[in-house]
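Student: Could we go through this structure together, so that I learn how each term is justified?

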Amino acid sequence: MVDRIIVVGGGAAGLMAAGRAAELGGNVLLLEKQAKTGLKLGITGKGRCNLTNASSISDHLAHLGPQGAFMRNAYARYFAPDTIAFFEAHGVPTVTERGQRVFPASQRAHDVVDALRAYCLEHQVQFRYHSPVQALRVSAGAITGVCLPERDLDAATVILATGGMSYPRTGSTGDGYRLAADVGHTVIPPRPGLVPLVLQEPEVPRLEGLSLRNVRASLYREDDLLASEFGEMLFTSDGVSGPIILTLSMVAAHALSQAPLRLLLDLKPAIEPVELDQRLQRDLASLGNARFSALLKGLLPRLLIDVFAERSGLSPDHRLSQLSAEQRRRVLSLLKAFPFTVVGTRPIGEAIITQGGVSTVEINPATMASRRIAGLYFAGEIIDVAGDTGGYNLQLAFTTGYLAGESAARAVRAAHSADAMQASPSAEGSEQ
Ligand SMILES: Cc1cc2nc3c(=O)[nH]c(=O)nc-3n(C[C@H](O)[C@H](O)[C@H](O)COP(=O)(O)OP(=O)(O)OC[C@H]3O[C@@H](n4cnc5c(N)ncnc54)[C@H](O)[C@@H]3O)c2cc1C
C-alpha cells in the first residue's frame with residue numbers, strides 16, 4: 001500500500017504541514033516548483049516577518065473577515081501561543097511589538113524560514129524542487145497521486161498548500177485554484193487583498209509621497225458607509241496605500257466590482273466640527289489679513305496645501321480678512337471629509353494577499369480535509385479565508401498547515417492499521 005503523503009507547495013503552510021505530518025511518523029514528500037522553499041515567507045513583514053499576533057482567538061477571528069468563523073475550531077487546537085512556542089523551541093526567540101505583533105527577536109524573516117526547514121529535515125521530510133504539480137490524480141472519489149511534467153507520483157494523501165496569486169515571483173501563481181477546481185472544488189474568484197487603492201482625481205500624482213498620520217479614512221458606496229479606519233496612510237503615484245488603506249482594501253476589492261467608491265478623509269478626526277469651527281475662527285482672528293495659505297499651514301502638511309486650496313475654490317493668496325462664513329464652512333467640511341473617488345485597486349500581483357480561494361463549505365474545519373475528495377487536504381492562503389495585516393495571515397497558514405499535516409498523517413496511519421487487520425486473520429482475534 002502506498003503510504004506517501006505529498007505536500008504541494010513549500011510556503012509557510014506547506015512547510016508546517018510537511019513537518020507536522022513527518023513528526024507523526026508520516027512518509028512525507030514536499031514538492032516545490034521554485035528552486036527554494038519559503039520565498040514569500042522570507043520577504044514578509046519587510047524582511048522582519050510578523051509571524052503571528054499575540055491577541056485572543058476572538059481578535060484573530062474578527063480580523064479574518066466574513067469567513068473568520070471557519071477558523072474557530074482550528075484555533076482551539078493550534079493558536080498563536082503554540083506558534084510562538086514552536087519557534088522558540090526551534091531557536092527563534094520572539095518579541096511582541098505595538099499592536100501585539102510578534103516578530104523574531106533577530107528581526108530576520110529568514111530565521112523563521114530556516115526554523116521551518118530544520119523542523120522538516122529533523123523529521124526526514126524529502127524535498128523536491130523545480131517540481132510544479134500540474135494535476136491531481138483521483139480515482140473513485142479518492143486521491144491517488146499527483147502529476148508532474150515528466151512523471152506521475154503515487155500518494156495516499158495530498159496536502160495542497162500552493163498559496164494565492166500575489167507576488168507571483170515567489171511562486172504563488174494561483175495553480176492550486178485550478179488543481180482544486182479540476183477535481184470538483186468550488187473556488188471563490190480570487191481578488192486582491194491588502195492592496196493599494198487607485199484614485200480618479202487628476203491631482204493625486206502631485207500628492208505622491210505625502211504621509212498622513214492620525215487620520216480617519218472612510219469608504220462609502222454612494223451614501224452607505226462600508227468601512228472606516230483610523231491611523232496612517234500615504235499617497236502613491238496613482239492612489240493611496242499604507243496601513244489603514246490596506247485594511248480598507250479588503251472591503252473595497254469586493255465592493256468595487258459594482259461601482260466606484262467614495263473615500264472620505266477626516267484630516268482632524270480628534271476634533272468635533274463645532275470645536276474645529278471655533279478653532280478656525282480663533283486662527284482667523286489671530287492671522288488678521290494674512291493669506292489663506294497661512295491658515296492652511298497651521299492645519300495641514302505642506303504637500304496638501306495647494307490641492308486643498310484648489311478644492312476649496314480659493315486661491316492660496318486669498319486674504320483671510322475677506323473669507324466669508326460660507327467659505328469658512330467649506331474649509332471646515334473639507335477638513336472633516338476630504339473626498340476622493342476609488343476606481344480600482346492595484347493588480348493582484350502587487351497585493352499582500354489573495355482573497356477568495358477554495359470554498360470553506362467544502363473543507364472540514366477540524367481537519368482541513370476536503371469534503372469532496374478523500375485523502376485531499378488544504379492549508380494556507382489557497383483556502384477562502386484572508387486576514388488583515390498584523391500577523392493574522394501567517395497564523396492562518398501555520399494553523400491550517402499544522403492541522404492538515406496532522407490529519408493527513410493520522411489518516412494514513414488509520415488506513416494502514418485497517419489494511420494490517422484485514423491482511424492478518426489473527427489480528428481479528430487480538431481484539432478480544
Ligand atoms: C510582501 C508580503 C509581506 C507579507 N508580510 C506578512 C506578515 O508580516 N505577516 C503575515 O501574517 N502575513 C504576511 N504576508 C502574507 C503571508 O506571507 C501569506 O499569507 C503566507 O505566506 C501564505 O502562505 P502559504 O504557504 O499559504 O502560501 P505561499 O507562501 O505563497 O507558498 C506557496 C508555495 O507553493 C508553491 N507552489 C505554487 N504552485 C505550485 C505547484 N503547482 N507545484 C508546486 N509548488 C507550487 C510556491 O512556489 C510557494 O512556495 C505577506 C505577504 C507579502 C506578499
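Student: What makes Gly 184 worth a remark after α6?

Tutor: Gly 184 follows α6, and its phi is positive, near 100°. Bear in mind that this is a predicted model, in which local features need pLDDT of at least 70 and side-chain atom pairs count only at pLDDT 80 or more, while totals for chains, interfaces and linings use all residues. Residues are numbered from 1 along each chain as its sequence is written, and side-chain values use heavy atoms, with hydrogens and water left out.

Student: Why is α6 called a helix, and which of its residues are buried?

Tutor: Helices are DSSP runs of H or I with at least four residues, strands are runs of E with at least two, and both are numbered from the N terminus; α6 spans residues 175-182, so it qualifies as a helix. Gly 176, Tyr 177, Leu 179 and Ala 180 are buried in α6, where buried means under 20% relative accessible area, exposed over 50% and partly exposed in between, with a 1.4 Å probe and protein chains only.

Student: How do you know on which side of α6 the buried residues lie?

Tutor: They cover an arc of only 165° around the axis, which puts them on the same side of α6; the arc is that of the directions from the helix axis to the C-beta atoms. In general, an α-helix has 3.6 residues a turn, so residues three or four places apart point the same way.

Student: What do the buried residues of α6 pack against?

Tutor: They pack against β7 (135-139), β10 (157-160), β11 (187-193), β18 (353-358) and β19 (376-378).

Student: What makes the backbone of Val 133 a polar contact of the ligand?

Tutor: A polar contact is a pair of N or O atoms within 3.5 Å; within protein, one must be able to donate a hydrogen and the other to accept it, and residues adjacent in sequence count only if both atoms are side-chain atoms. A polar backbone atom of Val 133 is 2.9 Å from a nitrogen atom of the ligand, and for Asn 393 a polar backbone atom is 3.4 Å from a ligand oxygen atom, so both pairs satisfy the limit of 3.5 Å.

Student: Which helix gives the most to the shell around the ligand?

Tutor: That is α12, with 3 residues.

Student: How confident is the predictor in this protein?

Tutor: The pLDDT, which is the predictor's confidence in each residue from 0 to 100, averages 95, and 98% of the residues score at least 70.

Notes: Contact = heavy atoms within 4.5 Å.
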